[in-house]
Amino acid sequence: MQGAKKEMKKIGIKIRNIFPPRAFIIEIGRSSLEQIRKLDFVKDVFTSRIENKEKDLGDVFLFWNNKFPNTERDEKEVKKTEQPFRDDLIIPEMPSEEERKKMEEKYLQRWQKKKKELREEELKKLSPDRKRSLNVKREDIEIYELESFSQAYKAHGADYYDTSLYMAGEIAVGFFFSPGDRGDWKAEDIDTVFAELTNKLNEFIDEEPNANISFVFHKEVDAEGNPFLLPEERSNEFDCSHISSHSNYRTQVCDRNYINDLRNKYNTHWAYMVQVINGDGRANAYLGGPSMRIYRDDLRNGLVIRHETMHIFGAKDQYCPDACESPTDIHGYLKVVNANSRGNNGKGFFNGSGEGLRDIMNGRSNKIGTYSRGQIGWRDSD
Ligand SMILES: [Zn+2]
């Protein structure tokens, strides 16, 4: 997969999404279709609605078909959108410089071990024929797969704590599905919700073409479609069992180890984690990552996952009274004022009542306004 990615980039193909283990969504002109079909690692090319044929490709087919509208809206959800959107933003605990270095070291040790495990897993999945061919044919696609579990930290300035500094480049998103007041998830509902949410995230790609965003969406379910437990519920596996349970800090450490693994596994610049709960509730996210929690009965046609993703990449809220932020405070990687905020402290626009234009950060629209764009690192060129 990493090999195919490299090949396609070399000939100038824009990759929008990677669906492991073997599907890509790409952007090309009609005239290049034949050229793509001829690439030796390409099995099939689709340009319109398709029927699901192979089980391990179910997600990408659902995702793709979601683009061709004939989906019905959940009635409950429509009613919900009439109430103003509210959520919670949590500021993650940041350790001292010294502690930070220690965590960094510790994680790198973890990754060395994890990398070996992943390679062994991948090898096990290959057929005997495939294994034989790998030994003789070095340029084979899967050999890249085995060799490219990356060096940690590909993005400029990124380290163990910086997993979503600004929204640009390759982004891996891990999805967990947890029980809520509607009980456990059914596998088919997971698939539908996953296709919807990932399509909504994909809108970011077109909203700032200069950011060159591509997403790898990773669904945390087993072969039968049953959801895996959260990293904090598997604390031994995620090296966070030493932190007292049910604390915010434990969640952060577990989730951070998880997303660093995810980022390294797919060799992306950034990564974050989405927990989708089967029921109703108030969404929350950590400012600057690592994770968010959203509710199936309050998805608001994609607004919620997009709003929380904005928090993950450094944007602040603009609504009041619950989350009144000063319109003159600066946030995000590019240090941009929150001038659209309704927080009235006598400063900023309109004597402090903020501009209050429709914006994803006040939940009044799906639109990303100027200040919100700046906070996630999108510089307006003017
Ligand atoms: Zn918010």
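**How H5, H9 and strand E6 are described**

Trainee: In this predicted model, which residues of H5 and H9 meet?

Mentor: From H5 come Tyr-107, Arg-110, Trp-111, Lys-114 and Leu-118, and they meet Asn-257, Asn-260, Asp-261, Asn-264 and Lys-265 of H9. Sorted by class, that contact has three nonpolar, three polar and four charged residues.

Trainee: Why are H5 and H9 called oblique to each other?

Mentor: Look at the angle: the axes of H5 (residues 97-125) and H9 (residues 248-266) cross at roughly 55°, coming within 11 Å. Under 35 degrees would count as roughly parallel, and 65 to 115 as roughly perpendicular. The angle of roughly 55° fits neither, and therefore the pair is oblique.

Trainee: What is the handedness of that crossing?

Mentor: H5 passes H9 in a right-handed crossing.

Trainee: Okay, on to E6. Why is strand E6 said to be largely enclosed?

Mentor: A residue is buried if 20 or more other C-beta atoms lie within 10 Å of its own. In E6 (residues 270-278), nine of the nine residues are buried, so the rest of the structure largely encloses the strand. That goes for both faces: Trp-270, Tyr-272, Val-274, Val-276 and Asn-278 point one way, Ala-271, Met-273, Gln-275 and Ile-277 the other, and all are buried.

Trainee: What makes E4 and E6 a pair?

Mentor: Pairing takes at least two bridges, and nine join E4 (residues 170-179) to E6, with the strands running parallel. One of the partnerships is Ile-171 with Trp-270.

Trainee: And how do you know that E6 pairs with E8?

Mentor: By the bridges again: E6 and E8 (residues 291-295) have five, in the parallel sense, and the cut-off is at least two. There, Met-273 stands opposite Ser-291.

Notes: Residues are numbered from 1 along each chain as its sequence is written. This is a predicted model: local features need pLDDT of at least 70, side-chain atom pairs count only at pLDDT 80 or more; totals for chains, interfaces and linings use all residues. Axes are lines fitted to C-alpha atoms, for helices over the stretch in contact, and angles run from 0 to 180 degrees between N-to-C directions. Helices (H or I, at least four residues) and strands (E, at least two) are DSSP runs, numbered from the N terminus. Angles under 35 degrees count as roughly parallel, over 145 as roughly antiparallel, 65 to 115 as roughly perpendicular and the rest as oblique. A crossing is left-handed if the near helix is turned anticlockwise from the far one by less than a right angle, and right-handed if clockwise. Two residues are in contact if their C-beta atoms, placed from the backbone, lie within 7 Å. Ala, Val, Leu, Ile, Met, Phe, Trp, Tyr, Cys and Pro count as nonpolar, Asp, Glu, Lys and Arg as charged, and the others, Gly among them, as polar. A residue is buried if 20 or more other C-beta atoms lie within 10 Å of its own, exposed if 12 or fewer, and partly exposed in between; C-beta atoms are placed from the backbone.
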